[in-house]
Amino acid sequence: MPSLRVNLSSRVRKLLKPSNPQQALQPVLEAMSNSVMAIDEKFETRSNGRVSVEIKDLGSNNVSVTVEDNGIGLDELHYEAFLEVDTEFKRERGGKGVGRLYWLDAFRQIEVQSQYFDQHGSIRRRAFKFVLEDEDQIQDISPSHDWLENQTGTIIRFRGLRSAAYIDKFPKQAAMVVNHTISEFIADFLSRNSPMITLSIETEAGAITKADFPKDVAELVAVGPLHAETVQIESIGDFNVTAFLCDKRASRGMNLKHALHLLGNGRTVESRKIDDLLGISDLEHEGQEELRVHLVVASDFLDARTAESRTAFTIPEGELAEITRSVVTSVRNSILSDKFREWDKQRRFAFDRFLADQPIYAFSDPDELFVEQVPPTATTPEQFVRALSVVRMRREQEREITLGNLVGSLVSGGNIPENFSELVQRAAKGIQINEMTSLAHHAARRKVVLDLLDKLIRRVRETDSGKAGKHHLERTLHSLLVPMQMAGWDYETVERSSHDLWILDERLTYTAGFSSDLQLRRSIKGSGSEDRPDLVVWDVGFGLGPISVPYGDEDVDEIEQLQEIFIVELKKPGRTEYGSNDRLEDQLTKYIRELKAGDVESFGRRKIRVSHDCRFYCLVVADIEGQLKNGELASWEPIDNGRGRRRELRVMNTIIDVFEWSEVLRSARDRNRALLSMAGLSLRADTAFERKKDMAAE
């Protein structure tokens, strides 16, 4: 009966070509792996085995590689397997039967010599060239190696790179060869479960590099091997994990600090960076610093899904990522937990401080958030925000969907679930928690502003009138309340929404139409006045003026006239001297006459007429001391239990109130304290305004 023929040239041509130096070195690593397997068959312990790898002319296209071992040799059984393409002879040990095909793809010349015992116990030799031809790929040659008596082993010589892919990607530097060799056999090297492998590399320029394994790697191990409990991942499988803490040199050439090595049939198939999953940069053990974590992972699941080239797994990236995450989490919480305890304690302190400063993110149990939602690398407020923002948004969406479905069931007359009441209560509780955290965030932010205002007022009072920087402090105080030189009606200006006028009056919280420290001629059509009121407000969204939606999102009703205007004058804290030209009433009535005489600028450069009976409310914030107290304000009506003064000008439909800075601050704090109480916060300590160090900086 006829049999299928193997087109070897075509088979080799279709092999996966290397895309990086590690894959280009794979044919050499395959020869080394064969040597290790041959040693396993000869010796009870690998430590009796020897593998010598000699590379010359590295960096040239004519590079030569010799791999020699003292294993069982290429006896009849192994030789027959060598002759069979895609043999399953070494299947139980992970052999794919294609390693020598990669030799043909990579190198122009391949020579094999071996000495072995035959089935009768007699010593035999075998030598041949392995060539890429459709027929007669094995070409016998005369043995040339001087073997010792009764010595067994195999020598494989490669010379000259064949294809463009290997010429382009084959390592050009000795360090790269050393690092890739370590990566390939790192599990055996770390645990000292390896034959003695000597690596000698000479570059085209004559530089020589030597390495001895497993010694050069094993001596870098500070702690290990540590065997973790089997990691069980639902719907994927069980994984055996061994951990090592190593000197940082063990990670050289890997572009990472901490690594997880996924084994396929005992060899490293893929090394994955786990720096982000571990979080901590360096570990310490008994005075040894800058230690790195190396995890070795093996399983039947990985063995069965190792690709033919043994450089990749036939596993979706999502499953590989889940394996990596689960293994690292398990190790972090078990055999290495003592190494991370202090680090996690510092992170938790930083996280709790963050929640205190930003309570809007305390939408769930802090323990749950920290363990399940915050990545191990997160140590700063910015990183915490990135981790929690999406979670918060999704939870809000889920609650909205739940309530929407419940309402839909009620409206449509559909079936009401038995746990309807429970679902409603759960959704309502979630909304309540969200509202409370939002309120807490709002109140906490307001408290910081008020603490800053308090310090600014004190600082300005303490500054002598002639002292340098006085005007700077006054401008800062004004700008804290509302930006200076700013027209709030200019909806193309971002600063329009940055004011904190709620400090003066809660009705001003949502104001959109205002003029801050601008000449009246810029806000009033027909006015030529150079006077600059500290603040003129003619719109508070849905309150004072005709603007139905702030910031110009809708057309202005130009027919409706302004019925109320708010004017604010801010006097320097600590000021006591007021002359005859500094009368508050004269200053404010001058502003009012200008406003009544013209049209006020609004959104879209439109003008709005001030009503003839427009009511003006004027607020002056000043320290009621000295000439102001004993002069102009002496005849004014006391208000608010004597903490303020009022002057009513009926003819001009105007009320002027004067309050001290301390009273404005007290009133704002009382209002905010109510918000804090509703949000379940106290935050009575003053805000510390100094730069805080984060853990990364420390």
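Which residue in β2 is the bridge partner of Ser52? The bridge partner of Ser52 in β2 is Glu68. This report describes a predicted model, beginning with the strands around that pair.

**Strands β1, β2 and β6**

Strand β1 covers residues 50–58 and runs antiparallel to β2, with six bridges joining the two. Together β1 and β2 form a hairpin, and five residues lie between them. In the turn of this hairpin, Gly59 has a positive phi of about 105 degrees.

Strand β2 also pairs with strand β6, residues 153–161, in the antiparallel sense and over six bridges. Glu68 appears in this pairing too: its bridge partner in β6 is Ile155. Strand β2 spans residues 64–69, and because five of its six residues are buried, β2 is largely enclosed by the rest of the structure.

**Helices α11 and α12**

Two packed helices are described by the angle between their axes and the distance between the axes. For helix α11 (residues 317–333) and helix α12 (residues 337–357), the angle is about 85 degrees and the axes are 7 Å apart. The helices are therefore roughly perpendicular to each other.

On the α11 side, the residues in contact are Val331, Arg332 and Asn333, and they meet Ser337, Phe340, Trp343 and Asp344 of α12. By type, the residues of this contact comprise three nonpolar, two polar and two charged.

**Salt bridges**

Side chains of opposite charge can pair when their charged atoms come close. The model has a count of 42 salt bridges. Three of them are listed here with their N to O distances.

| Acidic residue | Basic residue | N to O distance |
|---|---|---|
| Asp216 | Lys215 | 3.8 Å |
| Glu270 | Arg272 | 2.4 Å |
| Glu530 | Arg521 | 3.0 Å |

How accessible are the residues of these pairs? Asp216 has a relative accessibility of 19% and so counts as buried, while its partner Lys215, at 48%, counts as partly exposed. In the second pair, Arg272 is buried at 13% relative accessibility, and Glu270 is partly exposed with a relative accessible area of 23%. The cut-off behind these labels is 20%, since buried means under that value of relative accessible area.

In the third pair, Glu530 is partly exposed at 48% relative accessible area, and Arg521 is partly exposed at 40%. Elsewhere, salt bridges that share partners join Asp640, Arg643, Glu663, Arg666, Asp670 and Arg673 into one network.

Conventions. Residues are numbered from 1 along each chain as its sequence is written. This is a predicted model: local features need pLDDT of at least 70, side-chain atom pairs count only at pLDDT 80 or more; totals for chains, interfaces and linings use all residues. Side-chain values use heavy atoms; hydrogens and water are left out. Axes are lines fitted to C-alpha atoms, for helices over the stretch in contact, and angles run from 0 to 180 degrees between N-to-C directions. Helices (H or I, at least four residues) and strands (E, at least two) are DSSP runs, numbered from the N terminus. Angles under 35 degrees count as roughly parallel, over 145 as roughly antiparallel, 65 to 115 as roughly perpendicular and the rest as oblique. Contact means heavy atoms within 4.5 Å. Ala, Val, Leu, Ile, Met, Phe, Trp, Tyr, Cys and Pro count as nonpolar, Asp, Glu, Lys and Arg as charged, and the others, Gly among them, as polar. Buried means under 20% relative accessible area, exposed over 50%, partly exposed in between (1.4 Å probe, protein chains only). Two strands pair if DSSP finds at least two bridges between them. A salt bridge is a side-chain nitrogen of Lys or Arg within 4 Å of a carboxyl oxygen of Asp or Glu.
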